[in-house]
Amino acid sequence: MLDKTLIDSSQTCGHILANSASDVCKAVGVYSVSCYDSEGNLKWEDQAKNLIVDTGKNDLLDKYFAGTTYTAAMYMGLVSGTSYTSAPAAGNTISSHAGWFECGATTYGPDYSSGTRVAVGWNAASGGVKGSTATQFTIGSTANGTTVKGLLIATNNTKQGSTGILVSAGLFSGGDKTVATNDILNVTYTVTI
């Protein structure tokens, strides 16, 4: 009698992992702008989605994770439509942003009556959102142009200055906007993380 028994044994083992918590952190900012003429009539409204440039991201990280006794100082300026050739880019800095210019008294588009960039005030953050109080620009002169293309935020208040940190810059979603002397631009900025 011959017994031929073939034993084939295999075992499959698996482990099912429970869903793990994960979070992606991305900062997104939007400038909301309303322009009124000297009589208080609404001329136009638009938004500018911003690019938080590398220097702005690094500044945020350095100050939040390693800063001591830090106090924020942010200032807003206008991006000119005059001599514009390219959009803000991640590698732009306040001293080097080839292709676009800041509005100011000496060159490049309409000037606003404040002698410096306008200080930004902030509301308390809630639900991962931080919004500014209204920042106001009164157009003082259009001798160097009448076109505004967008906005910027920097840590130095010198209009058209090249020191400090460029935090963000953004262009209007609806294209260039025309302004006249004595127009008032009311701007709020909202950052969502």
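1. Val-148 counts as buried, at 0% relative accessibility. This residue sits in strand E8. The model is a predicted one, and Val-148 serves here as the entry point to it. Leaving aside residues up to four places away in sequence, Val-148 touches Leu-78, Val-79, Gly-81, Pro-110, Phe-172, Asp-176, Lys-177 and Val-179. Two of these partners can be placed straight away: Leu-78 and Val-79 fall within strand E3, which spans 75-80. Phe-172 is also in the list and comes back in point 5.

2. Val-148 also gives a link to a cysteine. Its C-alpha atom and that of Cys-103 are separated by 7.9 Å, while the two residues are 45 apart along the chain. Cys-103 is buried, with a relative accessible area of 0%. Cys-35 likewise counts as buried, at 0% relative accessibility. How many disulfides does a search of the whole structure find? The search returns zero. For a reader new to the term, a disulfide is a covalent bond between the sulfur atoms of two cysteines.

3. The overall layout is as follows. The protein has one helix and 11 strands. Read from the N terminus, the order of elements is β-β-α-β-β-β-β-β-β-β-β-β, so the helix follows strand E2 and precedes strand E3. Buried residues account for 35% of the 193 residues. The exposed area of the protein is about 11300 Å², and carbon and sulfur atoms supply 52% of it. Of the contacts between residues at least 6 apart in sequence, 74% join residues at least 24 apart.

4. Six aromatic pairs turn up in a search of the whole structure. One of them is formed by Tyr-31 and Tyr-189: the ring centres are 4.6 Å apart and the planes stand at 45°, so the pair is tilted. Tyr-31 belongs to strand E1 (residues 28-36) and Tyr-189 to strand E11 (residues 184-192), so the pair ties together parts that are 158 residues apart in sequence. Are these two tyrosines buried or exposed? Tyr-31 counts as buried because its relative accessibility is 0%, and Tyr-189 is buried as well, with a relative accessible area of 3%. Together with Trp-122, Tyr-31 and Tyr-189 form one aromatic cluster.

5. Another aromatic pair is made by Trp-44 and Phe-172. This pair is edge-to-face, with 5.5 Å from centre to centre and 75° between the planes. Which strands does it link? Trp-44 lies in strand E2 (residues 42-52) and Phe-172 in strand E9 (residues 166-172), and the two residues are 128 apart. Trp-44 is buried because its relative accessible area of 12% is under the 20% cut-off. Phe-172 is buried too, with a relative accessible area of 6%. Phe-172 is also one of the residues touched by Val-148, which brings strand E8 into the same description.

6. Two residues have a backbone angle worth checking by eye. Tyr-108 shows a positive phi of about 65° although it is not a glycine. Tyr-108 is placed in the loop between strand E3 (75-80) and E4. Tyr-108 counts as partly exposed, at 27% relative accessibility. Gln-160, again not a glycine, has a positive phi of about 60°. The loop holding Gln-160 runs between strand E8 (147-154) and E9. Gln-160 is partly exposed because its relative accessible area of 28% lies between the limits of 20% and 50%.

7. The sequence neighbours of Gln-160 take part in side-chain contacts. Lys-159 lies over the face of Tyr-112, at 4.1 Å from the ring centre. On the other side of Gln-160, the backbone oxygen of Gly-161 is reached by the side chain of Arg-117 at 3.2 Å.

8. Where is Arg-117 placed? Arg-117 is in the loop between strand E4 (111-112) and strand E5 (118-119). Although it is a loop residue, Arg-117 is buried, with a relative accessible area of 1%. Tyr-112, the ring under Lys-159, belongs to strand E4, at one end of that loop.

How values were computed. Residues numbered from 1 in each chain as written. Predicted model: local features only at pLDDT ≥ 70, side-chain atom pairs only at ≥ 80, totals over all residues. Heavy atoms only, no water. Helix = DSSP H or I, 4+ residues; strand = E, 2+ residues; numbered from the N terminus. Buried < 20%, exposed > 50% of the residue type's maximum accessible area, 1.4 Å probe, protein only. Polar contact = N/O pair within 3.5 Å; in protein donor to acceptor, adjacent residues only side chain to side chain. Contact = heavy atoms within 4.5 Å. Areas by Shrake-Rupley, 256 points an atom, 1.4 Å probe, with all protein chains shown as cover. Phe/Tyr/Trp six-rings, centres within 6.5 Å; stacked < 30°, edge-to-face > 60°. Lys NZ or Arg CZ within 6 Å of the ring centre and 35° of its normal. Disulfide = S-S within 2.5 Å.
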